[in-house]
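I opened this entry to look up cysteines first, then the chain and its cores. My notes follow in the order I checked things.

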Amino acid sequence: MAGRGPQIRRRRSVPIPRAVGCGLLLLLCGCAGGAPSTLDPGGVGARRVADFWWLLFWISVAVFVEVMALLVWALVFRRHPRRRLDRSDPVRFVVVAGAGLPFVVLLAVYGLGLRDLAALAQPETPPAVTVEVTGHKWWWEVRYAGVDGATANEIRIPVGEPVRVRLRTADVLHSFWVPQLMPKTDLIAGKIRETWLHAERPGEYRGQCAEYCGLQHAHMAFLVVARPRAEFDAWLARLAEPAPAPDSDAERRGRQAFLQSACVACHTVRGTSATGTVGPDLSMLGARWSLGAGAVPNDGGHLGGWIANSQTVKPGNAMPPQPVDAAALPDLIAYLESLR
Ligand code: CUA
């Protein structure tokens, strides 16, 4: 044991610059482009939240500056005892600055928070459009009240007006969150929850399940697509129509292969004999932004891989590997991509 003494006493250099560098790097990772930020609001609800966030931020900056100023002041007076304040003042000072002022600030913030909560509960004008969203492990089923037809992981809304969103879950708890449009609303089994979206400008807003719901919780994303009213109406009309008929020989062969496969037991393609409801409706699959609720991009290569064995792409999802004839796969891809 005596031989270890010098080793234990050896001074270990603390790589402070490296630690600070790593910390800064981690912080900067938060600035990476692409991630939707609540501080870059595109909708009425998120703007209210962002405004409140900035208010809290500036209040905390003011408190920080005030505390630092008091600290410096205390240090200065500690060094010069003769310049100390009158002994009777500290009690009043502690009561006013330490209890009175924080009480007023917290009360004001609490009041403003209640005002914002009330404002977020309902949109200012009654919505004309209602979207019915159901959370599944791990994808979002999207329907519109009064419209026959469904899509998945993509919610189209008209820009410049509020849209009601009715939320339910088919299995476990999920949470519906579009950081740039609206704060979270939890999906609770057996209940219908409601929220609303009001996009102020056209665009695509990424949404995400914000409640841990199992293995593929991270791959339970969706896209809110806000478009001018006329464009939205045209899209909604198309949603109710039968899926487009095949245009080419490859698409025709693909449709035949699709309708003869096990796919039809779980998926719907409107206007065909495929009427399954276990998995997402595929009638507009070709136009969707991703496969597997944000797992991979929606293109031919990824679609082929998904059909053959989606478990290698998104392990644990409900779709079993498909025994598809390799020669038929390109036709199947061509058909599914033509569904728009
Ligand atoms: Cu659904 Cu997390």
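I started with disulfides. The count comes to 0 when a pair of cysteine sulfur atoms has to lie within 2.5 Å. I kept in mind that this is a predicted model. For the record, a disulfide is a covalent bond between the sulfur atoms of two cysteines.

Next I looked up two cysteines. Are C209 and C213 buried or exposed? I read a relative accessible area of 2% for C209, so C209 is buried, the cut-off being under 20%. C213 comes out at 7% relative accessibility and also counts as buried.

Then I stepped back to the protein chain. I noted 340 residues, of which 37% count as buried. The chain holds 8 helices and 12 strands. I looked up its exposed surface as well. It comes to about 19,800 Å², with 62% supplied by carbon and sulfur atoms.

I turned to contacts. I took those with a separation of 6 or more in the protein chain. Residues 24 or more positions apart account for 63% of them.

Last, I went to the nonpolar cores. Which residues have the most contacts inside the largest one? I found Y144, I155, F176, L197 and V224, in a core of 34 residues. Helix α5, residues 229-240, gives the most to this core, with 4 residues. Another core lies apart from it and has 19 residues. I wrote down A243, V269, L285 and V296 as being among them.

Notes:
Residues numbered from 1 in each chain as written. Predicted model: local features only at pLDDT ≥ 70, side-chain atom pairs only at ≥ 80, totals over all residues. Heavy atoms only, no water. Buried < 20%, exposed > 50% of the residue type's maximum accessible area, 1.4 Å probe, protein only. Core = buried A, V, L, I, M, F, W, Y, C linked by side-chain atoms within 4.5 Å. Helix = DSSP H or I, 4+ residues; strand = E, 2+ residues; numbered from the N terminus. Contact = heavy atoms within 4.5 Å. Areas by Shrake-Rupley, 256 points an atom, 1.4 Å probe, with all protein chains shown as cover.
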